[in-house]
Amino acid sequence: ATLVAWERLVDAAVTQGVDGLLLTGDTFDAAAESLSADVALRQGCERLLEHDIPVFVVPGRLDPLTAWQEIPVLPENVTLFDSPWDASVDLTDHGKLLARLLPVSAQTDVSPPE
């Protein structure tokens, strides 16, 4: 069911022409060590790349940074925030700022810039 949900999410992102996809932790359970989940995740990100949809990832408790780093070659549209001190990323559309993404999670305490 989880893989079907991921495929539907990717389909919806493509169909709706979203500006980006934000994955905010616990995207998958690393303890399950599922090769099929890794492949599906990578293929979904590749499909989003084909439609110029960036993917931003903040690891969580179930999918820590080390688990994301073990996925073979994430596509170039994936930004993996690996530290609360990473630089922010601006999400723009034709030069217009839509959002400024900061690498903040439940485990970090970073005050956003004013």
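Two strands pair if DSSP finds at least two bridges between them. Keep that rule at hand for the first exercise, and remember throughout that this is a predicted model.

**Exercise 1. The β4–β5 hairpin**

Work out how many bridges join β4 to β5, and which residue stands opposite L91.

*Solution.*
- Step 1: Count the bridges. Five of them join β4 to β5, and the two strands run antiparallel. The rule asks for at least two, so these strands pair.
- Step 2: Find the partner of L91. Across from L91 stands A99 in β5.
- Step 3: Do the same for D90. Its opposite residue in β5 is R100.
- Step 4: Look at the turn. Two residues lie between the strands of this hairpin, and H94 takes a positive phi near 50° there.

**Exercise 2. Two salt bridges**

Find the two salt bridges of the structure, and say which elements each one links.

*Solution.*
- Step 1: Recall the idea. Side chains of opposite charge can pair when their charged atoms come close.
- Step 2: Apply the cut-off. A nitrogen of Lys or Arg must lie within 4 Å of a carboxyl oxygen of Asp or Glu.
- Step 3: Check R47 and D11. Their closest N and O atoms are 2.3 Å apart, and the two form a salt bridge.
- Step 4: Place this pair in the fold. Because R47 belongs to helix α2 and D11 to helix α1, the bridge ties together parts that are 36 residues apart in sequence.
- Step 5: Ask how accessible the two ends are. R47 is partly exposed at a relative accessible area of 29%, and D11 is partly exposed at 35%.
- Step 6: Turn to D90 and R100. These two also form a salt bridge, with 2.6 Å between the closest N and O atoms. D90 sits in strand β4 (residues 89–93) and R100 in strand β5 (residues 96–101), ten residues apart.
- Step 7: Check accessibility again. D90 has a relative accessible area of 39% and is partly exposed; R100, at 46%, is partly exposed as well.
- Step 8: Connect this with Exercise 1. D90 and R100 stand opposite each other and also form a salt bridge.

**Exercise 3. An aromatic pair**

Classify the ring pair of F28 and W68 as stacked, tilted or edge-to-face.

*Solution.*
- Step 1: Count the pairs. The structure has one aromatic pair.
- Step 2: Use the geometry. The ring centres of F28 and W68 are 5.1 Å apart and the planes meet at 65°, so the pair is edge-to-face; the cut-off for that class is over 60 degrees.
- Step 3: Locate the partners. F28 lies in the loop between β1 (21–23) and α2 (35–50), while W68 lies in helix α3 (residues 65–69), so the pair ties together parts that are 40 residues apart in sequence.
- Step 4: Decide whether they are buried or exposed. Both F28 and W68 are buried.

**Exercise 4. The largest pocket**

Describe the volume and the lining of the largest pocket.

*Solution.*
- Step 1: Start with the volume, which is about 460 Å³.
- Step 2: List the lining. It is made up of 22 residues, and F28, D29, S34, A37 and D38 lie nearest the centre of the pocket.
- Step 3: Name the contributing elements. Helices α1 (2–16), α2 and α3 each give two or more residues to the lining.
- Step 4: Sort the lining by class. There are 14 nonpolar, four polar and four charged residues.
- Step 5: Link back to Exercise 3. F28, one of the residues nearest the centre of the pocket, is also a partner in the aromatic pair.

**Exercise 5. Positive phi in two loops**

Find where E33 and D52 lie, and decide whether each is buried or exposed.

*Solution.*
- Step 1: Recall the background. Most residues other than glycine have a negative phi.
- Step 2: Examine E33. Its phi is positive, about 45°, although E33 is not a glycine. E33 lies in the loop between β1 and α2 and counts as exposed at 72% relative accessibility.
- Step 3: Examine D52. Here phi is about 55°, again positive in a residue that is not a glycine. D52 belongs to the loop between α2 and β2 (55–57), and its relative accessibility of 68% makes it exposed.

Technical notes
Residues numbered from 1 in each chain as written. Predicted model: local features only at pLDDT ≥ 70, side-chain atom pairs only at ≥ 80, totals over all residues. Heavy atoms only, no water. Phe/Tyr/Trp six-rings, centres within 6.5 Å; stacked < 30°, edge-to-face > 60°. Helix = DSSP H or I, 4+ residues; strand = E, 2+ residues; numbered from the N terminus. Buried < 20%, exposed > 50% of the residue type's maximum accessible area, 1.4 Å probe, protein only. 1 Å grid on protein atoms, 1.4 Å probe; cavity = no way out; pocket = protein on both sides within 12 Å on 5 of 7 lines; lining within 4 Å. Points joined across faces, edges and corners; volume = space filled by probe spheres on them. Nonpolar A, V, L, I, M, F, W, Y, C, P; charged D, E, K, R; others polar. Salt bridge = Lys/Arg side-chain N within 4 Å of Asp/Glu carboxyl O.
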